Amino acid sequence: MDNCLGLLGLAKKAGFLEIGDDKVTDAAGLSKARLIMSASDAGPNSVKKAEYLAEAGGSVYIVLPYTKEELGAAVGRGTPGMLAITDVGMAESFVKKLGVACGGYEEALKALQVKKARAEERRRIRDGEGKNKAGKRRTKK
């Protein structure tokens, strides 16, 4: 098993991987899916559904170079045609490794890097960095 498939197994253990049409649909509907993927041998209707879910949920969509059987062996579930990663950092790392191993995926990587930067900025603001003691934003001089 190559590093990319191993990273999918790690994402599953961490709770960041949704497997199968129903789970991916739920994650995309709640805008939790960051990266939606389909197997290389997924049916045309599954591919259209995955593309639609990614567009509707504001996610990045890619077609993996792995078959359903290879994905099933990596994540320990049947033969899933569709997967979603719900953590933007994990999704970025997966696409980066996939790009190194198989080539391509630069556009998806750039989109995920933008999403990651936005998430970090929101987290920084939420945690109060850049605010004074009264909770107001600091102004730069």
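How are helix 1 and helix 4 oriented to each other? In this predicted model, local features need pLDDT of at least 70 and side-chain atom pairs count only at pLDDT 80 or more, while totals for chains, interfaces and linings use all residues. Residues are numbered from 1 along each chain as its sequence is written, and side-chain values use heavy atoms, without hydrogens and water.

Helix 1 spans residues 3–14 and helix 4 residues 68–75. Their axes come within 8 Å and cross at roughly 50°. Helix 1 and helix 4 are therefore oblique to each other; angles under 35 degrees count as roughly parallel, over 145 as roughly antiparallel, 65 to 115 as roughly perpendicular and the rest as oblique. The crossing of helix 1 past helix 4 is right-handed. On helix 1, the contact (heavy atoms within 4.5 Å) is made by Leu-5, Leu-8, Gly-9 and Lys-12. Helix 4 contributes Glu-70, Leu-71, Ala-74 and Val-75. By class, this contact has 5 nonpolar, 1 polar and 2 charged residues. Gly counts as polar, Leu, Ala and Val as nonpolar, and Lys and Glu as charged.

The disulfide count comes to 0, a disulfide being a pair of cysteine sulfur atoms within 2.5 Å. Cys-4 is in no disulfide; its nearest cysteine sulfur, that of Cys-102, is 5.7 Å away. Cys-4 is buried, at 2% relative accessible area. Buried means under 20%, exposed over 50% and partly exposed in between, with a 1.4 Å probe and protein chains only. Cys-102 is likewise in no disulfide. Cys-102 is partly exposed, at 40% relative accessibility.

Note on methods
Axes are lines fitted to C-alpha atoms, for helices over the stretch in contact, and angles run from 0 to 180 degrees between N-to-C directions. Helices (H or I, at least four residues) and strands (E, at least two) are DSSP runs, numbered from the N terminus. A crossing is left-handed if the near helix is turned anticlockwise from the far one by less than a right angle, and right-handed if clockwise.
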